[in-house]
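User: I would like to learn how to read a protein model step by step. Could we begin with what lies inside and what lies outside?

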Amino acid sequence: MAATRFTDQLNVQIGNEFAAHHQYLACAVYYDALTMPQMAALFYSQALEERQHAMMMVQYLLDTDAPVKIPGVEAPVAEFADVVAPVQLALDQEKTVTEQINGLLRIAREENDYASEQFMQWFIKEQVEEVASMSDLLAVVTRSQDDLNDIEDWVAREEGGADADPTAPPAAGD
Ligand code: FEO
């Protein structure tokens, strides 16, 4: 049995992950409309990763016989001042999610819920990677904001699709 305080907050986090999905989708559409297919593909793929995070949390709740309540999500920011703005927003979002994930791990610890603590470990590692890669992208986009083809070339060169992660928790629906 997972601690109720933990599973309640995990249900909240499912909403945060879907909000991140929507935000990345809005960023992808922005770049797609600018005919920046590499940046668009990167953000479409990030959006899917966020959905996958939510579905991993759904699966964990199912596995522990906890209630699953899929929360509603606010509309994402969809208008941006320039090509740097969506990446800055994405980095800020990842930093916020890191705090949320740390908070979930803290609750699991406080409740002596060792299984939930272990479940959260993968997300802790994932957040380190996501903050680092968005931070790299922000540096590149800021540096090359006057040459969009430079940005596209960098993404095409450096952002190959991630290999499947065998350590990832199972996701509902997979
Ligand atoms: Fe679900 Fe980008 O963390």
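Analyst: A residue is called buried under 20% relative accessible area, exposed over 50%, and partly exposed in between, using a 1.4 Å probe and protein chains only. In this predicted model, buried residues make up 45% of the 174 residues. Residues are numbered from 1 along each chain as its sequence is written, and side-chain values use heavy atoms, without hydrogens and water. Local features need pLDDT of at least 70 and side-chain atom pairs pLDDT 80 or more, whereas totals for chains, interfaces and linings use all residues.

User: How many helices and strands does the protein have?

Analyst: Helices (H or I, at least four residues) and strands (E, at least two) are DSSP runs, numbered from the N terminus. Here there are five helices and zero strands. The radius of gyration, taken over C-alpha atoms, is 17 Å, close to the 16 Å from the globule rule (2.2 Å times the number of residues to the power 0.38), so the protein is as compact as a globular protein of that length.

User: Which residues make the nonpolar surface patch?

Analyst: Patches are made of residues with over 30% relative accessible area and no salt bridge (a side-chain nitrogen of Lys or Arg within 4 Å of a carboxyl oxygen of Asp or Glu); like charges are joined within 9 Å, and nonpolar side chains (Val, Leu, Ile, Met, Phe, Trp, Tyr) within 5 Å. Leu25, Val29 and Tyr44 make a patch of about 220 Å², with areas from the Shrake-Rupley method and a 1.4 Å probe, where for residues only the protein chains shown count as cover. Tyr44 lies in helix H2, residues 37-63, and counts as partly exposed because its relative accessibility is 31%.
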